Amino acid sequence: MTTFNEYPFLAELGIKAENNDGVFNGKWGGAGEIIKCLNPTNNKVIATVRGAAPEEYETCIQAMLAAKVKWALTPAPRRGEIVRLIGQAMREKIEPLSKLISLEMGKIYIEAKGEVQEFIDVCDYATGLSRSINGQVMPSERPNHILMETWNPLGLVGIITAFNFPCAVLGWNAAISMICGNVQLWKGASTTSLITLAVSKIIEKVLVENDVDPAVCCVLIGPGRTVGEQMIQDKRFGLISFTGSTEVGRRISSTVHGYFGKTILELGGNNAIVVAEDADIELVLRAVLFASVGTTGQRCTTCRRLFVHESLYDTILERLTKAYKTIKIGNPLEEGVLVGPLHTQSAVKEFTEGLEEIKKQGGKVVIGGNKLDISGGNFVEPTVVAIEHDAPIVKTELFVPILYIMKFKNLDDAFAWNNEVPQGLSSSLFTNNQKNIFKWLGPTGSDCGIVNVNVATNGAEIGGAFGGEKETGGGRESGSDSWKQYCRRSTNTINYGNTMPLSQGINFN
Ligand SMILES: NC(=O)c1ccc[n+]([C@@H]2O[C@H](COP(=O)([O-])OP(=O)(O)OC[C@H]3O[C@@H](n4cnc5c(N)ncnc54)[C@H](O)[C@@H]3O)[C@@H](O)[C@H]2O)c1
């Protein structure tokens, strides 16, 4: 028995109560394991999906290979128009899709809607970009020669995504990859299979209605250990774009780089906010609350470490504690709720075991710290812990709403603490002092991929390149020049003269 009938919006997205097909190779199928899609608010089954059987993998690859050339030869602005129509189709389904994201992933409705909006925004961005992806022309040292570069598609792109952004991360990748002329295979997290299905159906409809081979966007639903492994070991992919944990990212890096394949790796974060002596406290409090409890602490950019100047520490701790007390925890589809459940029961275990370890390492719970018994779901209290900056646990990413708060005297120490962890995704400094700002942005400042001032660590806009350094993987997605990663660059020298001068003045006669 599923709880499907309680959610009328599922039918609007083309989802059935049982045995939804979990493979799309231009046609829908699925002959593998049955996946039960759970609602983290009560751990009841919403619907079931039949995942991919191992042999169905090759049917996707063959369909993609068959679709590849025509798509690569379609003019980029036409590809951009298709992406625009996908964005439009997502706009039309924003309400049911956002409800599904809340239901299956567990984030609150307004954040889910923001996630779909992000997908739409990146489609609009990619549409514009489809008329401006360009190479350079450089001056040649030889007479009657032109030196330039061209950017061509990579062919097959594999996109493996995490549970926490089950819709937007596909958009970041697929919209840009499509305008670059690639065909894609998407494997979402199996715990968010219904979202993968719903988004794929929206894309399929646009492709079919516009006479594009729907195998341009194929889908395989199934676990990482089967489907994911098949993808990362397949040299036919020009790129594997992976979003997920550093642990799995390490496996992907060693496998794909082992055959000199290309990757985009968007891995774990351990993000800090540094509050300088002259910071605007009102801004700090608003930013810290959103950054530490938003998405129940399950954003890669969640603020996990808060370094506060000693002169502000007591005030900030007191006001933050007050604010934490007012947070409404509950069903993410209910208005007014700010914190939904954790995504899985194993995340609840990570929370409780994490807190035990924190206490062993000298951490003191200031507020929160408990598992909550609400409707049989995966609820926990957002938690603040006072601890030393260099406790080993502070250097790991616990993917739950636990915020570490630490006091500093000297801003240089706080900058060093920001950089002392293995991860390097996002960081923010709160200050009104321009010397602090430029130091933070400069060579001895934050070593992260995202370095902010007076805004939270999370909530990035799509126009910038998103990603991080060190164990966050080094990849960049979405805006700026991230599109280049979805292309093969060639440098071209063209001789339009009648002689053969050699570079570096070499005379070879
Ligand atoms: N840097 C970023 O942009 C970013 C964004 C979102 C999430 N994340 C990170 O993702 C993590 C949370 O997500 P998660 O728990 O879904 O991560 P995860 O690593 O457990 O899973 C991510 C994806 O990898 C697949 N996978 C697992 N094993 C695989 C294998 N051997 N081969 C191929 N694929 C495999 C999973 O099925 C899933 O689709 C956190 O660490 C978070 O910081 C990073």
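How many nonpolar, polar and charged residues does the shell around the ligand have? By class, this shell has 13 nonpolar, 10 polar and four charged residues, where Ala, Val, Leu, Ile, Met, Phe, Trp, Tyr, Cys and Pro count as nonpolar, Asp, Glu, Lys and Arg as charged, and the others, Gly among them, as polar. The structure is a predicted model, in which local features need pLDDT of at least 70 and side-chain atom pairs count only at pLDDT 80 or more, whereas totals for chains, interfaces and linings use all residues. Residues are numbered from 1 along each chain as its sequence is written, and side-chain values use heavy atoms, with hydrogens and water left out.

The domain assignment, which is automatic or taken from a database, divides the chain into domain 1 (54-267 + 473-490) and domain 2 (271-453). The C-alpha centres of domain 1 and domain 2 are 31 Å apart. To the contact between them (heavy atoms within 4.5 Å), domain 1 gives 16 residues and domain 2 gives 17 residues.

Both domains also take part in the surroundings of the ligand, each of them supplying at least three residues to the shell. A residue is near the ligand if one of its heavy atoms lies within 4 Å of it. Of the 27 residues around the ligand, those that come nearest are Thr161, Glu229, Ser245, Leu267 and Glu397.

Several polar contacts, that is, pairs of N or O atoms within 3.5 Å, involve the ligand. A polar side-chain atom of Glu229 lies 2.7 Å from a ligand nitrogen atom. On the backbone side, an N or O atom of Phe163 is 3.2 Å from an oxygen atom of the ligand, and a polar backbone atom of Gly244 is 3.3 Å from a ligand oxygen atom. Of the 850 Å² of accessible area that the ligand has on its own, the protein covers 87%, as computed by the Shrake-Rupley method with a 1.4 Å probe. Two or more residues of the shell come from each of α8 (224-232), β11 (237-243) and α9 (246-258), these elements being DSSP runs of at least four residues for helices (H or I) and at least two for strands (E), numbered from the N terminus. The largest share, four residues, is that of α8.

Thr296 is placed in the loop between α10 (281-293) and β14 (303-309). Thr296 is buried, with a relative accessible area of 2%, buried meaning under 20% (1.4 Å probe, protein chains only). A polar side-chain atom of Thr296 lies 3.1 Å from the backbone oxygen of Gly340; within protein, such a pair needs one atom able to donate a hydrogen and the other to accept it, and residues adjacent in sequence count only if both atoms are side-chain atoms. With residues up to four places away in sequence not counted, Thr296 touches Val339, Gly340, Pro341, Leu342, Val400 and Pro401.

How values were computed:
Buried means under 20% relative accessible area, exposed over 50%, partly exposed in between (1.4 Å probe, protein chains only).
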